[in-house]
Amino acid sequence: MPASYRHMLEALGPLVVEVDVDGELFSLRGGRRLEVTDGPAGVSGARIASSRAAILDLLDAKLGLDEAVQAGAVSVCGSLDDILRAHDTLLAYVHAAVRAPSHPELLAALRTGPR
Amino acid sequence: MSAVLARSDFIRTPVLATARPDGFKEWYHFVVHRPDSRILINFSLNSEVSTDGRPRLTPRVIVIAHDDQRWTGGIERFEEAELDVSADLGVLTVGGNRMTVRPDGYRVVIDLPGHDIRGELDLTSMSRPFAVNNQPVGDGRVSWLFVPRLRADGWLRIGGQEIRFEGNVAYHDHNWGRFRWGGDFSWTWGAILPSGPDDPWSLVFQQMTDRRRLRCLYQALWVWRHDEPAAIFPPAAVQTRSHGLLGRAADCTLPPPMRLVLGGEASDVPERIEIAATRAGDAVHAEFKPQSYARLAQPSEVCLDRSVVLCESNGSARVTGSINGEDIDFVGDGVFELLHG
């Protein structure tokens, strides 16, 4: 969904986000296109840590994002501005994902494997 | 009665969506009332643009049920290749699910193994259908046909429980047209059926507003007595008021991932909806009190970062009045759909 992709890039802006899922690190940075890089980001504006199980619980609406953060299932570190930008980018990503015909298959792939 | 339904209620998509697919939508909607539960079943077809720019039909099946406590259920999206419409436009097949239009009603088969939902229902019409054509909806138009009262027989397995239907009352509407979710419109659509099986009355209410719900564009109240329409109250004859807020979070949000973008649990499902209609000596006063609701959410087709939420609410209803000199006074159940754009 090209328009949604551009919307997500606008939301991300110059922010670099480091993501840790069950100890697997990767980073996201924007620009003309979204770049996903394995490993630590080095310098990042926001760092998000969670687990596959917590992500699936969020996607299954077993808990809300605010509940997940308060319970420690999702941890977010960074300045307030960077955290807000990361949150807006997440929302833009989810809006794009629910419009994308490819996403049900990606979600099914995420579900396979141990929680 | 036997030929009326088959002549009126056929699947429009193969003709209308092929001719002009942009924004075309069609759905078949059923609500079954049991003393201790409500079941909502919806087959929908939505014309969407694929990544290569070509239109494609996206079918979905929704099944949700409300017991004494809460709404639960599932929604499943299918690929266009899993959709089939019979040549006579009377059978809609979506994966293992099927909706058949019969001369005297409908047969619905549900098979959603990913949600552990299965069932078979026969819905026999107990009232004449009523159709409204080409009503404005935002920038588009929608037509609909509804059957306010049917008899449901069959079974449904959902939430680990099996529900049996034996002569339970049900409601059906079929909608088709071209418009975009998220356009400048909202609606309240409700059906009230009596709790007592021998009570002859059925009511359907509809109100269309702009998206901000500041202007009422259309509203009407239809009343049936047994299988015949008893009164139709046009817009000028109907007064509607909403009171308070239910103040309760949704029982569920479907599909679940949409909860991430809906920004919290606050909703504007009212505490009470009051409908008063008078015309030519007939008068009806209906009061619906929502008890709980499920959110059915989908992406806006107008804004990339907005969603459209349909709140399917169930609750109690009280109806009083007089039509053609006959008094109306019954309590019943209502299922109201609130689309607040």
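In the predicted model, helix H4 (residues 80-99) of chain A lies across strands E1, E4 (46-50) and E5 of chain A, and its direction makes an angle of about 130 degrees with E5(A). At 1.5 Å a residue, the 20 residues of H4(A) are expected to span 28 Å, and the end C-alpha atoms are 29 Å apart, which agrees. Ten positions of this helix need not be listed in full; among the buried residues of H4(A) are A:Arg85, A:Ala86, A:Thr89, A:Tyr93 and A:His95. The cover over the buried residues of H4(A) includes H1, E1, E4, E5 and helix H5 (103-111) of chain A, and also strand E20 (282-299) of chain B.

The strands beneath this description belong to an open sheet of chain A with 5 strands, arranged in the order E3-E2-E1-E4-E5 and with mixed pairing. Strand E3 (35-38) and strand E5 (75-78) of chain A each have a single partner strand, so one side of each is left without a neighbour in the sheet. On average, neighbouring strands of this sheet are turned by 20 degrees against each other, direction ignored. Strands of a sheet pair through backbone hydrogen bonds, in either a parallel or an antiparallel way. Strand E1 (residues 16-21) and strand E2 (residues 24-29) of chain A pair in the antiparallel sense, with 6 bridges. In this pair, A:Glu18 has A:Ser27 of E2(A) as its bridge partner.

Chain A also touches chain B: 17 residues of chain A are in contact with 13 residues of chain B. On the chain A side, helix H1 (2-12), helix H2 (52-59) and H4 are the elements that give two or more residues. H4(A) gives the most, with 6 residues. By class, this side of chain A has 11 nonpolar, 4 polar and 2 charged residues. The model scores ipTM 0.86 and pTM 0.90. For chain B the average pLDDT is 91, and 98% of the residues score at least 70.

In chain B, strand E20 contains B:Asp282. B:Asp282 counts as buried because it has 20 C-beta neighbours inside 10 Å. Leaving aside neighbours within four places in sequence, B:Asp282 is in contact with B:Ala231, B:Ser322, B:Ile323 and B:Asn324. B:Asn324 is 42 residues away from B:Asp282 in sequence, but the C-alpha atoms of the two are 6.4 Å apart in space.

B:Ala231, one of these contacts, is in E16(B), where it stands opposite B:Val223. Strand E15 (residues 216-225) and strand E16 (residues 228-233) of chain B run antiparallel and are joined by 5 bridges. The two strands form a hairpin with 2 residues between them, and B:His226 in the turn has a positive phi of about 55 degrees.

Positive phi values are also found elsewhere in chain B. B:Asp116, a residue other than glycine, has a phi near 55 degrees. B:Asp116 is in the loop between strand E8 (105-112) and strand E9 (117-125) of chain B, and it counts as exposed because it has 11 C-beta neighbours inside 10 Å. Phi of B:Asn134 is likewise positive, near 55 degrees. B:Asn134, however, is placed in strand E10 (residues 130-137) of chain B; with 10 C-beta neighbours inside 10 Å, B:Asn134 counts as exposed.

A further backbone feature is the cis peptide bond between B:Leu254 and B:Pro255, with omega about -15 degrees. B:Pro255 lies in the loop between strand E18 (252-254) and strand E19 (272-279) of chain B.

Note on methods:
Residues are numbered from 1 along each chain as its sequence is written. Chains are lettered from A and ligands numbered from 1 in the order in which they are written. This is a predicted model: local features need pLDDT of at least 70, side-chain atom pairs count only at pLDDT 80 or more; totals for chains, interfaces and linings use all residues. Two strands pair if DSSP finds at least two bridges between them. Helices (H or I, at least four residues) and strands (E, at least two) are DSSP runs, numbered from the N terminus. Axes are lines fitted to C-alpha atoms, for helices over the stretch in contact, and angles run from 0 to 180 degrees between N-to-C directions. Two residues are in contact if their C-beta atoms, placed from the backbone, lie within 7 Å. Ala, Val, Leu, Ile, Met, Phe, Trp, Tyr, Cys and Pro count as nonpolar, Asp, Glu, Lys and Arg as charged, and the others, Gly among them, as polar. pLDDT is the predictor's confidence in each residue, from 0 to 100. The expected span of a helix is 1.5 Å times one less than its number of residues. A residue is buried if 20 or more other C-beta atoms lie within 10 Å of its own, exposed if 12 or fewer, and partly exposed in between; C-beta atoms are placed from the backbone.
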